[in-house]
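Biologist: Before I take any of the labels on this model at face value, I would like to hear the reasoning behind them. Can we go through them one by one?

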Amino acid sequence: MGAQTDNRAVMETILQKIREAPRIMLFRHYRPDGDCVGATKGLQEILRCTYPDKEVLLIDGERSDYLAFLGPDDAPVPDEVYADALGIVLDTGNAARISNPKYALCREIIKIDHHINVEPYGDYNWVEEERSAACEMVAAFYAMFREELKLNRRAATCLYAGMVTDSGRFRYEGVSGDTLRLAALLLDAGVDRERLYAHLYLREFETLKFQAYLYEHMGRTPHGVAHLYVGCDMQAAFGLTFEAASACVSYMDSIRGCLCWMAFIETGEADGAIRVRLRSRFLPVNRLAERYRGGGHAFASGATVYGEDEVRALLAEADEMVRMYKETHEDWM
């Protein structure tokens with residue numbers, strides 16, 4: 001567990017700050033996913049079990065139907081409650097993406113994240129870009145200080161859910177032996193994998209019909225960028241939430257010769273924003289996403305475009321990127 005050892009000093013500082021704080025408030029990014037929800041809820045449960053006299057709050061106006069089985073967040077509190085609290089922000093690369101803007105009221109901020117560290121906004125920053133998930137980092141934090149910290153079944157379930165979803169069931173870049181050792185530690189705490197996987201991966205009948213429809217209508221650029229476009233009308237026709245529509249990017253992850261794939265999802269917002277989910281293998285896509293109001297991991301990023309011209313421009317750039325990669329490498333599939 002070398003990464004833990006390398007970051008021991010900042011982890012010890014974070015633990016000391018937690019020990020000293022009578023109140024701790026947890027924050028995550030907007031449009032919540034399995035990792036940010038699992039990390040915040042998992043850490044909250046660890047801290048509540050370990051320090052029952054502390055107040056540990058997770059307040060966020062956004063929710064995810066997909067992850068509702070992990071339980072609700074806490075009720076809103078007055079601003080003065082934030083003022084004397086230690087704030088911990090998880091799985092959020094830059095401050096603009098923090099869902100609850102009242103994080104800034106906290107007296108001190110700790111950032112725990114596994115994205116590229118473009119903005120070290122915390123008073124204390126623990127960032128490990130090589131980690132597969134923020135939940136993996138929280139599990140590593142527990143493992144480092146397990147003589148003091150307590151892990152129950154609920155905390156382990158939240159953390160395992162985030163690790164499984166952010167790593168593509170332990171298939172994506174960033175998964176290491178350390179990842180699997182930490183996952184085993186969580187399983188040993190009593191995670192019910194069958195029930196958890198049922199919550200995460202069982203699909204509604206209409207969703208499967210949507211998937212079949214998309215396979216008939218997806219496109220591919222000349223050099224192998226697979227792409228789907230899901231408009232608001234299509235979402236309504238299949239009874240899809242925005243989350244369910246966005247998940248369609250995973251439908252294209254096994255196409256031979258397509259090293260990059262992306263889904264364009266209309267948001268229905270007044271400004272006409274179209275969210276883009278970009279995925280790839282072998283060649284990074286995060287720099288491309290950054291040119292279109294986004295960013296993320298090397299092989300899994302998000303962006304935002306406006307109008308058909310920007311959709312075409314993004315596809316053209318991705319196609320050229322894939323062309324250059326294929327011409328200069330022989331090991332792609």
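Modeller: Start with the span 238–322, whose end C-alpha atoms lie 32 Å apart and which is 31% helix and 28% strand. The model is a predicted one.

Biologist: What makes residues 238–322 a named stretch?

Modeller: The name comes from UniProt, where an unreviewed entry annotates "domain: DHHA1" over residues 238–322. UniProt also places "domain: DDH", again from an unreviewed entry, at residues 23–163. Residues 23–163 are 31% helix and 17% strand, with the end C-alpha atoms 27 Å apart.

Biologist: Why is strand β9 called largely enclosed?

Modeller: Buried means under 20% relative accessible area. In β9, residues 273–280, 8 of the 8 residues are buried, so the strand is largely enclosed by the rest of the structure.

Biologist: How do you know which residues cover each face of β9?

Modeller: In a regular strand the side chains alternate between the two faces of the sheet. On one side of β9 are Ala273, Arg275, Arg277 and Arg279, and on the other are Ile274, Val276, Leu278 and Ser280. Both sets are buried, and both faces are covered.

Biologist: What makes β8 and β11 partners of β9?

Modeller: Two strands pair if at least two bridges are found between them. Strand β8, residues 260–266, is joined to β9 by 7 bridges, and the two run antiparallel. Strand β11, residues 300–306, is also joined to β9 by 7 bridges, again antiparallel. Trp261 stands opposite Arg279 in the first pair, and Ile274 stands opposite Val305 in the second. β8 and β9 also form a hairpin, with 6 residues between them. Gly268, in that turn, has a positive phi of about 80°.

Biologist: Why is the pairing in the sheet called mixed?

Modeller: The open sheet has 6 strands in the order β6-β7-β8-β9-β11-β10, with mixed pairing. At its edges stand β6 (219–220) and β10 (295–296), each with a single partner strand, so one side of each has no neighbour in the sheet. As for the directions, β8 and β9 run antiparallel, while β7, residues 225–230, runs parallel to β8 and is joined to it by 6 bridges. Tyr229 stands opposite Phe264 in that parallel pair.

Biologist: How do you know that Asp166 has no salt bridge?

Modeller: A salt bridge needs a side-chain nitrogen of Lys or Arg within 4 Å of a carboxyl oxygen of Asp or Glu. For the buried Asp166, the nearest side chain of opposite charge is Arg279, at 7.4 Å, and there is no salt bridge. Asp166 belongs to helix α6, residues 153–166.

Biologist: What makes the pair Asp166 and His114 a polar contact?

Modeller: The cut-off is 3.5 Å, and the side chains of Asp166 and His114 are joined at 3.3 Å. Beyond four places in sequence, Asp166 is in contact with residues including Asp33, Asp35, Tyr172 and His297.

Biologist: Why are Arg31 and Phe282 called partly exposed?

Modeller: Partly exposed lies between the 20% and 50% limits. Arg31 has 28% relative accessibility, so it counts as partly exposed. Phe282, at 32%, does too.

Biologist: What is noted about phi in Arg31 and Phe282?

Modeller: Most residues other than glycine have a negative phi. Phi of Arg31 is positive, near 50°, and that of Phe282 is positive, near 75°. Arg31 sits in the loop between β1 and α3, and Phe282 in the loop between β9 and α12.

How values were computed: Residues numbered from 1 in each chain as written. Predicted model: local features only at pLDDT ≥ 70, side-chain atom pairs only at ≥ 80, totals over all residues. Heavy atoms only, no water. Helix = DSSP H or I, 4+ residues; strand = E, 2+ residues; numbered from the N terminus. Buried < 20%, exposed > 50% of the residue type's maximum accessible area, 1.4 Å probe, protein only. Lys, Arg positive; Asp, Glu negative; His and termini not counted. Polar contact = N/O pair within 3.5 Å; in protein donor to acceptor, adjacent residues only side chain to side chain. Contact = heavy atoms within 4.5 Å. UniProt positions renumbered as here; feature names shortened; annotations may be inferred.
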